[in-house]
Amino acid sequence: MLSLRSVNQFYGKNHILWDVDLDLAPGTCTGVLGRPGMGKTTLVNCIMGHLPVNSGSMTWQESGSPPKDLRQQSVGQRARLGIGYVPQGRQIFSQMSVEDNLLIALLAGQDDRHCAIPPMVYELFPALWSLRHQRSGELPIDQQQQLALARALVLQPKLLILDEPTDGMAPWLEEEMGNLLHRLNNDFGLTILLLEQRISFIRRVADYFLLLHCGRNVAQGRVAQLDDSMVAKWLTVV
Ligand SMILES: Nc1ncnc2c1ncn2[C@@H]1O[C@H](COP(=O)(O)OP(=O)(O)OP(=O)(O)O)[C@@H](O)[C@H]1O
């Protein structure tokens, strides 16, 4: 579905991503791991088109369609291709109602002005239906996170990218988030790319991992291969 080869990115003269490779097969869930500042968000910003890539390739391919060079697609085109994004810290419009947050995402991503919020969104988050006229900034954190996810789902993405969805969450909410991602992955067939610092969460939810260290992918494979020595070497903050 998405394939990155030798992606390099700079902030000014600072070389941030070094020859990063990534392959996402349809229907899989992949966790990107790394200590703070190792390049996870930068990688996602490159995929979303928020940051230009200096070199390397990014290819989007769906079955039965020719491959597309993602670097040639604008941010809006990438959303229309089916790449959805839940940013770190949620970034919902707190002064607006739940429903207006969803409608804005819908209108921003589609040309058709008469489009409607897909029923699956409120089916997945029934609480948001009851709260649809409430100001979103007044919701508790778990429902704000639901809204951030719902906002990414209104365009019915094929690939959903989440930047630290468990950030600031209590353990029981983390479990709920894990169940939800399992559902999206297994029942709705969404491909998921998950940026996370919580290894337990990656182990519970993801099939594959990519480990970034100083902007380089130093390890990748099946999550079952993510052993304690790798965690100690690349992820433990000293
Ligand atoms: N706008 C920016 N301008 C310059 N350098 C930046 C900018 N954003 C990030 N960086 C630098 O790029 C590197 C990678 O940052 P990035 O945010 O991608 O890491 P991260 O792994 O997502 O970290 P975290 O887990 O803390 O979000 C860091 O050294 C950071 O200081």
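In this predicted model, four strands form an open sheet in the order S2-S1-S4-S5, with antiparallel pairing. Its edge strands are S2 (14–24) and S5 (68–69), each of which pairs on one side only. Strand S1 (residues 2–11) runs antiparallel to S2, and seven bridges join the two. Within this pair, Gln9 stands opposite Leu17 of S2. Helix H1 lies across S1, S2 and strand S4 (55–60), and runs at about 65° to S2.

A further open sheet has six strands, ordered S6-S7-S8-S3-S9-S10, and its pairing is mixed. Strand S6 (83–86) and strand S10 (216–222) stand at the edges with a single partner strand each, so one side of each is left without a neighbour in the sheet. On average, neighbouring strands here are turned by 15° against each other, direction ignored. Strand S9 (residues 208–213) pairs with S10 in the antiparallel sense over six bridges. One bridge links Leu212 with its partner Asn217 in S10.

Helix H1 also lies across strands of the six-stranded sheet, namely strand S3 (29–33), S6, strand S7 (159–163), strand S8 (191–196) and S9. Relative to S7, H1 runs at about 150°. The helix thus has a place in the description of both sheets, lying across S1, S2 and S4 in the four-stranded one and across S3, S6, S7, S8 and S9 in the six-stranded one.

The same helix contributes to the ligand surroundings. H1 (residues 40–48) gives the most to the shell around the ligand, with three residues. The full shell consists of Tyr11, Ile16, Gly34, Pro36, Gly37, Met38, Gly39, Lys40, Thr41 and Thr42. By class, the shell comprises four nonpolar, five polar and one charged residues.

Two residues that flank S7 in the sequence deserve separate mention for their backbone geometry. As a rule, most residues other than glycine have a negative phi. Gln156 has a positive phi, near 50°, although the residue is not glycine. Glu164 likewise has a positive phi near 50° and is a residue other than glycine. Gln156 is placed in the loop between helix H6 (141–153) and S7, whereas Glu164 is placed in the loop between S7 and helix H7 (171–186). The table sets out their surroundings.

| Residue | Phi | Other C-beta atoms within 10 Å | Exposure |
|---|---|---|---|
| Gln156 | near 50° | 14 C-beta atoms | partly exposed |
| Glu164 | near 50° | 19 C-beta atoms | partly exposed |

Burial requires 20 or more other C-beta atoms within 10 Å. Glu164 has 19 such neighbours, so this residue is classed as partly exposed. Gln156, with 14 of them, is also partly exposed.

As to the chain as a whole, the protein has nine helices and ten strands. Its radius of gyration is 18 Å, close to the 18 Å that the globule rule gives for 238 residues, so the chain is as compact as a globular protein of that length. Taken along the principal axes, the C-alpha atoms fill a box of roughly 45 × 40 × 35 Å. Buried residues make up 37% of the 238 residues. Among contacts in the chain with a separation of 6 or more, 68% are between residues 24 or more positions apart.

Key: Residues numbered from 1 in each chain as written. Predicted model: local features only at pLDDT ≥ 70, side-chain atom pairs only at ≥ 80, totals over all residues. Near = placed C-beta within 6 Å. Nonpolar A, V, L, I, M, F, W, Y, C, P; charged D, E, K, R; others polar. Rg over C-alpha atoms; globule rule 2.2 N^0.38 Å. Buried ≥ 20, exposed ≤ 12 C-beta atoms within 10 Å, placed from the backbone. Contact = placed C-beta atoms within 7 Å. Pairing = 2+ DSSP bridges. Axes fitted to C-alpha atoms, helices over the stretch in contact; angles between N-to-C directions.
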